[in-house]
Amino acid sequence: MRIALDAFGSDRAPHPEIEGAVMAIKEDLCREVILVGDESVLSAELSKYYYDPERIRIHHASQRIGMGDDAAAGVRAKKDSSMLRAVELHRDGQADAAVSAGNTGAFMAASLMTYGRIKGVSRPAIAIIFPSQVNNEIILDVGANVDCNARNLLEFAHLGRIYYKYFFDTEEPRVSLLNIGEESAKGNSLSREAYKLLSESEELNFIGNIEGEDVLRGVTDVIVCDGFVGNIVLKTVEGALISIFDILKEQFDKDWIAKIGALLSYPAYSYLRKMFDHTEYGGALLVGLNGSSIVSHGRSNSKAIKNAIRAASKIAESGFVKHCTEYFERF
């Protein structure tokens with residue numbers, strides 16, 4: 001697979017992008033990485049690494065969309081931005097997917113303007129792979145649509161089902177609606193209407209509502225919610241985990257007995273930290289589009305970029321967009 005990488009997306013660009021691309025090629029995660037951005041800067045930085053020049057190339061782009069830029073206006077004003085050029089390379093068939101650790105809103109806007117929506121999908125969403133006690137889950141939407149109707153949530157459910165099915169090779173992934181109670185009558189009018197549509201869909205393995213306490217338990221595979229709720233869940237879990245690890249570190253440093261306890265519990269602590277490390281998962285997929293765009297965290301390091309390339313390659317190989325297009329033609 002060929003991956004177009006916005007080399008000026010992350011907070012510390014282009015260093016994580018370049019190193020991540022080199023790591024991805026060395027680990028044979030894709031066939032080629034196209035670094036998109038200022039050629040002179042990228043060439044100088046890339047020369048510091050040993051890599052196969054046949055598998056990493058540079059595509060020049062003179063502009064950069066910053067985190068503070070307005071999403072749609074930034075894309076329209078900066079026609080030669082590294083982000084937009086990466087997306088265009090994918091649209092034009094020179095790359096099989098596009099990756100950026102830049103402005104999420106701008107990347108969604110650039111992808112939507114360039115690829116367009118899959119016919120039958122009213123709103124694209126952001127789908128993130130999330131760890132649980134038992135299995136990986138997919139949560140969508142986590143920020144693209146703060147106001148949704150029940151039909152949107154039904155579309156998200158099908159997009160999430162297809163994503164999970166082909167990415168994790170699971171024939172009938174379990175789909176759940178995030179709500180304030182398990183009963184079908186719980187929640188607001190949107191939740192109740194969405195529950196009805198989801199339960200009536202014969203192609204969904206809908207197992208009902210789940211509550212916030214179930215998100216990390218691994219009782220489902222695909223969790224459906226609007227972008228407002230999804231983003232709060234994501235940020236709350238991230239913040240809680242940071243606080244828990246900080247408290248543990250503080251307690252382990254208290255005295256020599258605590259330090260011995262820390263040493264004994266290090267394998268479990270290390271496993272837990274790795275399990276919830278966002279760099280292990282790379283990024284989130286923008287679903288519902290006629291193309292594969294993966295957005296990574298702005299704080300991404302080289303490991304996160306490498307794993308975003310891994311995910312992009314696997315998504316492209318799975319034929320996710322093709323499967324979605326075929327399904328929504330019948331939907």
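This passage walks through the overall build of a predicted model, then its helix packing and some local details of the backbone and side chains.

Starting with the whole chain, the secondary structure adds up to 11 helices and 11 strands. Along the principal axes, the C-alpha atoms take up a box of roughly 65 × 60 × 35 Å. The radius of gyration comes out at 20 Å, and a compact globule with 331 residues would be expected near 20 Å, so the chain agrees with that expectation.

Helix H1 (residues 15-26) is a handy place to begin with the packing, as it has entries with both H2 and H10. Against helix H2 (residues 39-46), H1 sits at an angle of about 55°, and the two axes are 10 Å apart. That angle makes H1 oblique to H2, and the crossing is right-handed. On the H1 side the contact comes from His-15, Ile-18 and Val-22, while H2 brings in Leu-42, Glu-45 and Leu-46. By character, the residues of this H1 and H2 contact split into four nonpolar, one polar and one charged.

With helix H10 (residues 302-318), H1 packs at about 50°, the axes lying 7 Å apart. H1 is thus oblique to H10, and here the crossing is right-handed. H1 puts Pro-16, Glu-17, Glu-19, Gly-20, Ala-21, Met-23 and Ala-24 into the contact, and H10 answers with Ser-302, Lys-303, Ile-305, Lys-306 and Ile-309. The tally for the contact of H1 with H10 is six nonpolar, two polar and four charged residues.

Another helix pair is formed by H4 (residues 82-91) and H5 (residues 104-115), which pack at about 35° with axes 9 Å apart. The crossing of H4 and H5 is right-handed. From H4, the residues involved are Met-83, Leu-84, Val-87, Glu-88, His-90 and Arg-91; they meet Ala-106, Phe-107, Ala-110, Ser-111, Thr-114 and Tyr-115 of H5. Sorted by type, the contact of H4 with H5 has seven nonpolar, three polar and two charged residues.

Next come a few backbone details in the loops. Most residues other than glycine have a negative phi, and most peptide bonds are trans. In this model, a cis peptide bond links Ala-13 to Pro-14, with omega at about 5°. Pro-14 belongs to the loop that runs between strand S1 (2-6) and H1. Leu-140 and Asp-141 are also joined by a cis peptide bond, with omega at about 5°, and Asp-141 is found in the loop between strand S6 (136-140) and H6. Asp-28 is not a glycine, yet its phi is positive, at about 60°. The loop that holds Asp-28 connects H1 and strand S2 (32-37).

Two individual residues round off the picture. Lys-165 is part of helix H6 (residues 150-167), and its side chain makes a polar contact of 3.4 Å with the side chain of Glu-171. Setting aside residues up to four places away in sequence, Lys-165 touches Thr-170, Glu-171 and Pro-173. Glu-182, for its part, is placed in the loop between strand S7 (174-178) and helix H7 (189-200). Although Glu-182 and Asn-209 are 27 residues apart in sequence, their C-alpha atoms are 4.7 Å apart in space. Apart from neighbours within four places in sequence, the contacts of Glu-182 are Asn-209, Glu-211 and Asp-214.

Conventions. Residues numbered from 1 in each chain as written. Predicted model: local features only at pLDDT ≥ 70, side-chain atom pairs only at ≥ 80, totals over all residues. Heavy atoms only, no water. Axes fitted to C-alpha atoms, helices over the stretch in contact; angles between N-to-C directions. Helix = DSSP H or I, 4+ residues; strand = E, 2+ residues; numbered from the N terminus. Parallel < 35°, antiparallel > 145°, perpendicular 65-115°, else oblique. Left-handed = near helix turned anticlockwise from the far one by under 90°. Contact = heavy atoms within 4.5 Å. Nonpolar A, V, L, I, M, F, W, Y, C, P; charged D, E, K, R; others polar. Polar contact = N/O pair within 3.5 Å; in protein donor to acceptor, adjacent residues only side chain to side chain. Rg over C-alpha atoms; globule rule 2.2 N^0.38 Å.
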